[in-house]
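Dear colleague,

Please find below the structure that I am handing over to you. My findings follow directly after it, and I would be grateful if you would read them with the structure open.

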Amino acid sequence: MLAFVAGVAVSTLAITALPATAASDPGVSATEIVLGMQLPQSGAASPGYNKVDDAMRGYFDYVNSKGGIYGRKVRLVVKDDQYKAGLTVSSASSLINKDKVFAFIGSVGTQTHISVIGDINRRGIPDLFVNSGYSGFYTDPTVYPNSFAALGTYVVESKIVGKYLKDTYPTKKIGILYQTDDFGRNALAGFTTAGLTFEAKKTAVNFIAGTQGSLGLASQLTALKANGVEIVIVAAVASATAIAVATAAQLGYKPEKWVVTSVGSDATTFQTILGSKGITPAVSAGMLAGIISASHAPSPGEATDEYVVAFKKINDDFNKGPDKRWDNNVLQGMNIAYMATSALFGVGKDLTRKGLVSYIENNGPNISSAALSPLSYSRTTHEAFKSFWIGAYDGATVLKPIDGTRVLYTTDSGAGPVTVSNYVRPALPADAIAKGA
Amino acid sequence: MRKFIATLGATALIVGGTLTLIPSANAATPTVVTTDGKLTNGAAYTMKVPSNFNGTFFVWNHGFRPSFPYPTYTPPTGVDELTPYSVNRKADVTAEMLKAGYGIASYDRVSTGGLHGWNTTDGVEMLKDMVDTARAKVTNIKKVVVYGSSGATPVINQFIEKYPDKADAVGLLAGLSATSASIQSACDYFYLLSVFADPTIKGCAAFGVAKGAAGHMASLGEFAKAGALLSAWSKDLGAKPLAYPAPLAAAGIPQRSALLLAGLMVGIPTKSSHMDGISTSAVVAEHSINATVAILENSQDALGTGTFAGQAIGEIVGPGFYDNTKTNWFALLSAADSGRYNLGLSGDDAIAAMLGVLSMMPRVKGDPAAVAKFKALDAINYSSDKPTILLSNEADRLVFAGNSALYVENARASYKARLAKYKAGTGTKPVWNTFAMYALTPETYTKFSDAGLPDLAGPVAESGVGHQSFTTAQMMGWVNLLAQSAKTGKAPSQKFVASSIFAKIDPNLSTDPDFLPNLLKYKS
């Protein structure tokens with residue numbers, strides 16, 4: 001077994017001198033780097049997502065225990081916006097003016113982040129590793145020069161999954177249920193680019209994001225059923241996926257396959273939502289089994305993946321959140337913090353906002369990550385991952401490569417083809433801390 | 001179901017009204033010498049000088065007043081406001097200013113002939129007359145501050161460029177920057193309501209056609225039509241499906257989505273006196289619904305601006321000043337708003353349908369001469385080097401806070417251009433001397449009944465909402481900064497808002513040096 005966490009006494013961080021301070025940028029001093037994050041910690045949209053921040057903080061606490069980043073401890077300040085854009089705006093103001101963060105990191109939600117991304121960029125604040133796959137945030141860095149993704153775009157993922165479906169189920173009727181916002185539109189565009197065709201209100205049905213709980217999705221699923229859809233794609237958040245699957249069961253609608261975008265397939269959220277409707281974990285695990293999805297990262301259940309093993313141990317030792325059960329949300333949180341640490345080390349001791357943005361743009365593919373896809377950051381795009389593998393959930397809610405062999409596919413957010421990627425992820429550093437490119 | 005707003009009609013406007021001046025006898029100490037008189041054109045003025053007068057003299061200019069009466073409103077005669085007056089608190093700061101040792105004056109802004117209206121040109125000369133009169137009668141004046149609100153700010157801005165030596169500091173409270181930018185949006189609101197709700201609404205196309213009392217009544221008729229439909233929508237939260245235009249009739253889009261769309265396209269604040277844009281309940285289930293009710297609550301003032309200012313302006317520049325033939329309706333709904341309020345707008349399909357149909361509707365073609373005069377109305381060069389301090393409410397529904405942001409933007413552009421010329425060897429070295437303050441709303445303040453209905457009758461939010469409605473602390477903070485700037489010749493740096501001193505003025509003033517309110521939809 002690899003030695004992955006410093007049970008060793010000697011820190012591998014060599015601090016030769018006090019780091020230079022960025023005199024003009026808030027949130028960074030000789031002793032501290034302050035990062036800010038917004039996400040739904042409470043409210044209907046929170047299940048699952050509300051674990052990401054604790055996982056990030058756990059990783060940063062691990063790094064701090066090893067001396068921090070050039071002697072600076074990383075402090076993560078988190079604001080609960082309840083997935084309400086009005087609170088996203090006010091909490092962003094608080095992070096900027098009261099907490100004086102050096103950068104935003106890992107903010108969750110497309111429709112909430114869209115309310116603040118313009119202002120964050122106007123102020124020149126780095127907006128790192130946003131948990132949104134909306135391509136409009138990243139594909140033209142002249143629009144949002146300081147914002148970088150933490151996910152592959154929905155277009156990229158959908159193109160890859162769309163091609164797989166077209167190739168694998170050429171005679172099956174494929175339909176899509178999507179939420180009418182940038183997330184859903186992006187995904188629909190990707191599936192369409194891949195060559196799938198849909199007919200509005202018959203094989204392409206939608207719902208207004210946020211109404212899945214109050215209005216249910218019965219009419220949409222009834223339409224898909226009535227039009228003979230055999231494979232149902234769900235391009236929506238995880239709570240909508242859970243409601244869709246449960247509602248279909250109530251309607252007696254049994255698609256041959258469910259296909260769910262990665263953001264919407266989180267097992268924790270799926271089971272929590274169904275649990276609130278009285279469906280036991282054993283039953284919901286059965287409902288999740290067989291669902292096809294995609295990922296750019298190892299599954300949290302991959303017991304031999306060195307990053308999973310390392311992050312899991314750090315999570316056990318340092319995550320102080322109320323629910324630290326290991327799952328995809330925790331893995332994602334750990335990875336974001338890991339990437340951020342890599343970038344912050346890479347910039348060097350003279351840490352400035354501009355310097356950080358420039359570093360990420362110029363060293364994107366070399367920033368360390370647990371993902372099985374390279375990072376794509378450059379001056380021409382701030383997308384994160386352009387490669388995904390396709391899997392299906394097993395009975396234990398673990399996403400596993402279809403047919404047992406993981407194949408990484410890659411494409412762009414435009415009209416480029418889907419091809420196989422030969423990327424090999426670099427080995428994890430011995431202490432699970434990447435110190436720059 | 002309760003009505004959410006009082007029945008709108010011509011009776012419900014808040015512009016104007018009569019005031020009771022604070023008698024000088026009510027001032028704590030000091031004793032006050034009051035002088036009443038008349039300017040050259042016969043307009044009344046009042047001056048008050050306290051016994052602890054410190055040499056700084058403030059000349060107040062109140063905002064636009066319609067020239068003709070309507071129910072609950074009589075055009076003021078005499079001095080209408082002596083110092084800045086808060087509509088929400090129903091109080092001014094006369095006592096506070098006298099106690100602080102400032103001399104104060106104000107005057108009846110009525111033009112020669114007895115009419116108010118949009119009288120910027122007259123106003124500039126009347127202000128000069130007032131300042132000269134004050135200096136002649138109060139011989140120990142050291143510094144003069146000209147300050148005013150709303151529709152008076154074009155007067156002040158033109159005054160200080162024409163007579164730069166007549167004042168030492170300028171205060172703009174809830175002020176207009178580019179008049180045509182604000183009125184264009186108000187006119188857009190009428191137009192959008194005509195498209196989605198009542199095709200008989202003519203809005204700004206009708207303003208200025210008739211003049212005087214007849215024109216005033218015609219404009220009131222337009223206001224009443226808009227008010228009536230908003231009242232109808234308030235009864236059921238705009239739940240009925242749109243009936244107009246015909247292509248949308250079968251779409252099932254609720255009226256409130258069109259209201260929200262129109263409000264967002266015009267820039268009406270999504271916070272109001274009682275609605276914070278965030279809070280939810282069983283009835284107001286999502287924040288975009290809260291924002292829709294906010295727009296409904298704000299609509300009265302927004303339409304009032306369009307109606308009375310529009311009519312008054314139409315009489316000056318000529319009818320047909322509103323033209324939307326070149327307006328890109330899609331561009332007026334930002335991606336951020338489309339995403340943030342997606343649910344209230346009934347989703348992407350509904351947005352696309354409404355905007356698509358809107359873009360195909362007949363446009364309003366204006367009269368080119370009137371349009372040109374409209375765009376040039378109240379034009380200034382932003383060339384004053386006098387310290388200028390602006391104060392706006394984040395959610396001002398009558399003169400949007402974006403006016404202050406636009407003023408600062410234009411002032412900065414002018415400053416940079418003059419600086420470049422100076423460096424090239426021409427002109428004098430310009431001074432950057434502009435400081436903007438914003439009063440914010442509390443984060444959440446909407447109250448709901450047990451049934452989940454928003455309380456629209458209770459106390460309004462303590463800060464940040466309404467037009468010319470500020471706390472005493474906010475107003476006096478602004479006044480004191482003006483006085484200080486008049487003395488030093490320098491407005492504070494914008495970084496000053498982040499200081500502990502500034503933070504002590506009022507807890508709801510923005511302490512963010514980079515704060516920007518929602519920007520105006522137009523710049524000219």
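Two strands are said to pair if DSSP finds at least two bridges between them. Strand E1 (residues 32-39) of chain A and strand E3 (residues 103-105) of chain A have two bridges, in the parallel sense, and so they count as a pair. Please bear in mind throughout that this is a predicted model.

Strand E1 of chain A

In this pairing, A:Leu35 has A:Ala103 of E3(A) as its bridge partner. E1(A) also pairs with strand E2 (residues 73-80) of chain A, again in the parallel sense, over eight bridges. There, A:Ile33 is found opposite A:Val74 of E2(A). Helix H1 (residues 52-65) of chain A joins E1(A) and E2(A) in a right-handed β-α-β unit. Is E1(A) mostly covered or mostly open? Seven of the eight residues in this strand are buried, and the strand is thus mostly covered.

Nonpolar cores

A:Leu35 appears again in the largest nonpolar core, which has 148 residues. Together with A:Tyr59, A:Phe129, A:Leu177 and A:Val234, A:Leu35 touches the most other members of that core. Which element supplies the largest share of the core? Helix H13 (residues 328-347) of chain A does, with eleven residues. The core lies between domain 1 (32-152 + 301-389) and domain 2 (156-295) of chain A, because both domains give residues to it.

The surroundings of A:Phe129 may be worth viewing on screen. Leaving aside residues up to four places away in sequence, A:Phe129 touches A:Ile105, A:Gly106, A:Phe148, A:Ala149, A:Ala150, A:Ile336, A:Met339 and A:Ala340. A second core, separate from the one just described, has 141 residues, among them B:Leu98, B:Ala258, B:Ala312 and B:Tyr407.

Domains of chain A

The domain assignment divides chain A into domain 1 (32-152 + 301-389) and domain 2 (156-295). Taken over C-alpha atoms, the centres of these two domains of chain A are 27 Å apart. Their contact involves 18 residues from domain 1 of chain A and 20 residues from domain 2 of chain A. On the domain 1 side, the elements that give two or more residues are helix H3 (110-113), H13 and strand E11 (387-393) of chain A. By class, that side of domain 1 of chain A has seven nonpolar, nine polar and two charged residues.

Domains of chain B

For chain B, the domain assignment gives domain 1 (12-178 + 378-503) and domain 2 (180-374). The centres of these domains of chain B, over C-alpha atoms, are separated by 29 Å. The contact draws 40 residues from domain 1 of chain B and 37 residues from domain 2 of chain B. The side of domain 1 of chain B that touches domain 2 of chain B comprises 25 nonpolar, 13 polar and two charged residues.

Contact between the chains

How many residues of chain B are in contact with chain A? There are 19, and they meet 22 residues of chain A. On the chain B side, helix H8 (335-340) and helix H9 (347-360) of chain B are the elements that give two or more residues. H8(B) gives the most, with four residues. The side of chain B that touches chain A is made up of five nonpolar, seven polar and seven charged residues.

With kind regards

Terms used:
Residues are numbered from 1 along each chain as its sequence is written. Chains are lettered from A and ligands numbered from 1 in the order in which they are written. This is a predicted model: local features need pLDDT of at least 70, side-chain atom pairs count only at pLDDT 80 or more; totals for chains, interfaces and linings use all residues. Domain bounds come from an automatic or database domain assignment. Two residues are in contact if their C-beta atoms, placed from the backbone, lie within 7 Å. Ala, Val, Leu, Ile, Met, Phe, Trp, Tyr, Cys and Pro count as nonpolar, Asp, Glu, Lys and Arg as charged, and the others, Gly among them, as polar. A residue is buried if 20 or more other C-beta atoms lie within 10 Å of its own, exposed if 12 or fewer, and partly exposed in between; C-beta atoms are placed from the backbone. A crossover is right-handed if, with the strands pointing away from the viewer, the path from the first strand over the helix to the second runs clockwise. A nonpolar core is a set of buried Ala, Val, Leu, Ile, Met, Phe, Trp, Tyr and Cys residues joined through C-beta atoms within 7 Å.
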